[in-house]
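Got your viewer open? Load the model, pick a cartoon view, and let's walk through it one selection at a time.

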Amino acid sequence: MQDNDNYCDRSGFLVGANGVVPADRRRYRHAQDPDIGCNELGCDSCGQQVRQMPRVELTDPEAVRPVGLFRQDDWLQLPFIRQRAESTARLYACACMVRSVTWPEPMGPEFPMIDESMHQRWQCMGHDPEGASDDADADGW
Ligand SMILES: [Zn+2]
Ligand SMILES: [Zn+2]
C-alpha cells in the first residue's frame, strides 16, 4: 500500500483524543483510515509546524495567546490549561492559531465546514517515507 505522494488524504485531519496521531512521522492518513490525525501539519500563515496534545482543555480561552502557547514547551505549566484523563479533546496550536478538537476534521479547502480561516492555513506538509522511525512521543516536540 504505497502512494507516490506521501500526503494525508484530504490534506490531513485533526482528531480528538479518541483518534490517533501516529508517533511515527512516516505514517499518514489514507482514505480508508478512520480517525488517523496528521502528524506533519504545517501552517501557511506563520510557517510553523502545528503542535498538539491529547486530553488537555482550555480553562480560560480568553487568556490564550497562540504564540505564547506555541512557544511554551510544557503546556501543562500554563495556568489556562488543564489535563483531564476522561477528556475527548485534543488541543492544537501553531504560532498564530489555537484550536480544541473533539471530532475528526479534514483540513482540505474543499471542506470549509467549521472554521474557514483554519482550513486555509493548516495542511499536511507531507511525510518522508525514508524518515527514521521515531519513537518519541508525538505529543511533544
Ligand atoms: Zn499528513
Ligand atoms: Zn500559524
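## First stop: Phe 13

Select Phe 13 and show what surrounds it. Setting aside neighbours within four places in sequence, Phe 13 is in contact with Cys 8, Arg 29, Ile 36, Gly 37, Cys 38, Pro 104, Glu 105, Pro 106 and Met 107. Keep in mind as you look that this is a predicted model.

Phe 13 is also a good way into the largest nonpolar core. That core has 27 residues, and Phe 13, Val 50, Ala 93 and Cys 94 are the ones touching the most other members. Now colour the elements that feed the core: strand 1 (13-14), strand 2 (41-43), helix 1 (66-71), strand 6, strand 7 and strand 9 (122-124) each supply at least two residues. Strand 6 gives the largest share, three residues. As a general point, nonpolar side chains in soluble globular proteins tend to be buried together.

## Zoom out for a moment

Go back to the whole chain. How many helices and strands does the protein chain have? There are two helices and nine strands, and reading along the sequence you meet them as β-β-β-β-α-β-β-β-β-α-β. Of the 141 residues in the chain, 31% are buried. If you count contacts between residues at least 6 apart in sequence, 66% of them join residues at least 24 apart.

## The sheet 3-6-7

Next, select strand 3 (residues 51-54), strand 6 (residues 90-93) and strand 7 (98-101). Together they form an open sheet of three strands in the order 3-6-7, paired antiparallel. Strands 3 and 7 stand at the edges with a single partner strand each, so one side of each has no neighbour in the sheet. Turn the view and look at the twist, which averages 15° from one strand to the next.

Start with the pairing of strand 3 and strand 6. The two run antiparallel, joined over four bridges. To follow the register, show these residues:

- Arg 51, whose bridge partner in strand 6 is Ala 93
- Gln 52, whose bridge partner in strand 6 is Tyr 92
- Pro 54, whose bridge partner in strand 6 is Arg 90

Now move across to strand 7. Strand 6 pairs with strand 7 in the antiparallel sense too, over four bridges, and a hairpin of four residues links the two. Here Ala 93 has Val 98 as its bridge partner, while Arg 90 stands opposite Val 101.

## Which way do the side chains point?

Turn on side chains for strands 3 and 6. In a regular strand, side chains alternate between the two faces of the sheet. On strand 3, Arg 51 and Met 53 sit on one side, with Gln 52 and Pro 54 on the other, and all are buried, so both faces are covered. Strand 6 can be read in a similar way: Arg 90 and Tyr 92 point one way, Leu 91 and Ala 93 the other, and all of them are buried.

Pause on Met 53. Why does Met 53 count as buried? Because 21 C-beta neighbours lie inside 10 Å of Met 53, and the cut-off for being buried is 20 or more. Then draw a C-alpha to C-alpha distance from Met 53 to Val 21: these residues are 32 apart in sequence and 9.5 Å apart in space.

## Last stop: two positive phi angles

Step just past strand 3 and select Arg 55, in the loop between strand 3 and strand 4 (56-58). Arg 55 is not a glycine, yet its phi is positive, at about 60°. Is Arg 55 buried or partly exposed? With 18 other C-beta atoms within 10 Å, Arg 55 is partly exposed.

Finish with Ser 11, in the segment before strand 1. Ser 11 is another residue other than glycine with a positive phi, near 65°. Ser 11 has 20 other C-beta atoms within 10 Å, so it counts as buried.

Notes
Residues numbered from 1 in each chain as written. Chains lettered and ligands numbered in written order. Predicted model: local features only at pLDDT ≥ 70, side-chain atom pairs only at ≥ 80, totals over all residues. Buried ≥ 20, exposed ≤ 12 C-beta atoms within 10 Å, placed from the backbone. Contact = placed C-beta atoms within 7 Å. Pairing = 2+ DSSP bridges. Axes fitted to C-alpha atoms, helices over the stretch in contact; angles between N-to-C directions. Core = buried A, V, L, I, M, F, W, Y, C linked by C-beta atoms within 7 Å.
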